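Biologist: I've got a model open on my screen and would like to talk it through. Could you start with the terms and then take my questions?

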Amino acid sequence: MLLKKSALLSVILMVTLMFVFSFSALAQNENEVEIFSWWTGGGEEEGLNALIDVFNENYPNIEVINATVAGGAGANAKAVLKTRMVGGNPPDSFQVHGGAELINTYVETGMMEPITGLLEEWGVKDKFNQQILELSSYEGEIYSIPLNVHRGNVMFSNKQVLAEHNIEPPTDMESFLTVLEELSQTDVVPLALGDTNKWTATHIFETILVAKLGAEGYNGLWNGETAADDPRIREAFVYFDKLMQYVNEDHSALTWQDATQMVRDGEAAFNIMGDWAEGYLKTLGWTPGKQFGWLTVPGTKGTFMVITDTFGLPKGAPHPENAKKWLKTVASLEGQDTFNPIKGSIPARLDADKSKYDVYLTDSMNDFAKNTLTPSIAHGSAAPEGFITALNDNINGLVTTGDIEGSFEEFQKDMAEYVR
Ligand code: GAL
């Protein structure tokens, strides 16, 4: 009787185990790779899909699970990703900005695999811009592959709107305010803003910070050479507050795509946005230099606000071999030259085929080669996550209250708390 009972128990155990194994085999289909990003629309999705096509051509038996969370520069996406990473449920690879976002949040906490060996094996380590690769590196190891370089300090314009109102593109900070004032007398919105996701206002602010501090002064904030109470920072808040007098009233209900669309529809004259807006304007049927123009944000000529999207290999990725194939695609010339012309970014590799890039992107490449680079705060490179959240809240508060002194003080407090 005893024997029979234990035999029965082992049969039950076996059946249970078989069930569990087959279930987990189902849940972890070997022939897939899950890629996480916030590229859900407006030129971004198109770029990602083109990159996935390149992957599919090379690895037809592996299915890409395209996990996207909307929000751009993604407060939402970043939170979802972090929860998954911390909870031991990482995707196979994910979009992450080079610099603090990668290093502080995921590398120092031991959540990423070093991939220097892979880059060496594929013979591509020396093909990348080394300053950009540096943002993916920590203590001598590389932890992610830069797919692109976006420029943050760009202002796009509707050429027809400017012509109709006899507006010359501004050349410095002073003439920018004059032009905005002139436009405010017309029926168009001088400066389009969509800050339902707070980062877009911070994006404008950081370009003004560069304009006031200069590239060296701005970079000095992160290496300790520029004091957090430098009076030029206060001036940046003052100037930013002036700009906010010229934005659309419904800005807090709109996204960056909506604001870009306002320029496209002739409702607004200018839009300060990263050049993913160039990708978006192209998907809306516009050609750079024809219907829309661009200039560096007044006061920032000679500097290039760097934003770099990279992909790495999380520890515990469910399909590490497939993830490596994805990374190889990201690192490849074909991948970079397919994705970037659509996305509105320039390649992180130096040996790209320049003929594939339009007039705006060629301009960006030329500036990138000769300008001083400044890493973006809003897009994760310059400062740790805590500081970005605090600055987003601070700038958002300033947009609503206009309390310049309060914002300047808060900035100093947050620098002390999160940066030094
Ligand atoms: C940035 C990202 C870009 C673009 C943008 C808006 O942070 O680097 O690739 O996605 O957000 O969504």
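Modeller: Sure, terms first: buried means under 20% relative accessible area, exposed means over 50%, and partly exposed is in between, using a 1.4 Å probe and protein chains only. Helices are DSSP runs (H or I, at least four residues), numbered from the N terminus. Keep in mind that this is a predicted model, where local features need pLDDT of at least 70, side-chain atom pairs count only at pLDDT 80 or more, and totals for chains, interfaces and linings use all residues. Residues are numbered from 1 along each chain as its sequence is written, and side-chain values use heavy atoms, with hydrogens and water left out.

Biologist: How many of the eight residues of helix α12 are buried?

Modeller: That helix spans residues 276-283 and is mostly covered. The buried set runs through Trp276, Ala277, Glu278, Gly279, Tyr280 and Leu281. So the count you want, by the under 20% cut-off, is six.

Biologist: Which residue just after α12 takes a positive phi?

Modeller: Look right past the end of that helix. The phi there is about 95 degrees, and the residue is Gly285.

Biologist: Is Thr178 buried, partly exposed or exposed?

Modeller: Thr178 sits in helix α8, residues 173-184. Its relative accessible area is 41%, which falls between the 20% and 50% limits, so Thr178 is partly exposed.

Biologist: How is the protein chain divided?

Modeller: The bounds come from an automatic or database domain assignment. The C-alpha centres of the two parts lie 26 Å apart, and 30 residues of domain 1 are in contact (heavy atoms within 4.5 Å) with 28 residues of domain 2. The division is into domain 1 (31-150 + 309-362) and domain 2 (151-306 + 374-419).

Biologist: Which domains does the shell around the ligand draw on?

Modeller: The ligand is surrounded by 14 residues, each with a heavy atom within 4 Å of it; the closest are Glu44, His97, Asp309, Lys343 and His379. At least three shell residues come from each of two domains: domain 1 and domain 2.

Biologist: How much of the ligand's accessible area does the protein cover?

Modeller: Start with the polar contacts, meaning N or O pairs within 3.5 Å. Side-chain N or O atoms of His97 and His379 are each 2.8 Å from an oxygen atom of the ligand, and a polar side-chain atom of Trp39 lies 2.9 Å from one. On its own the ligand has 300 Å² of accessible area (Shrake-Rupley method, 1.4 Å probe), and the protein covers 100%.

Definitions and conventions. Polar contact = N/O pair within 3.5 Å; in protein donor to acceptor, adjacent residues only side chain to side chain. Helix = DSSP H or I, 4+ residues; strand = E, 2+ residues; numbered from the N terminus.
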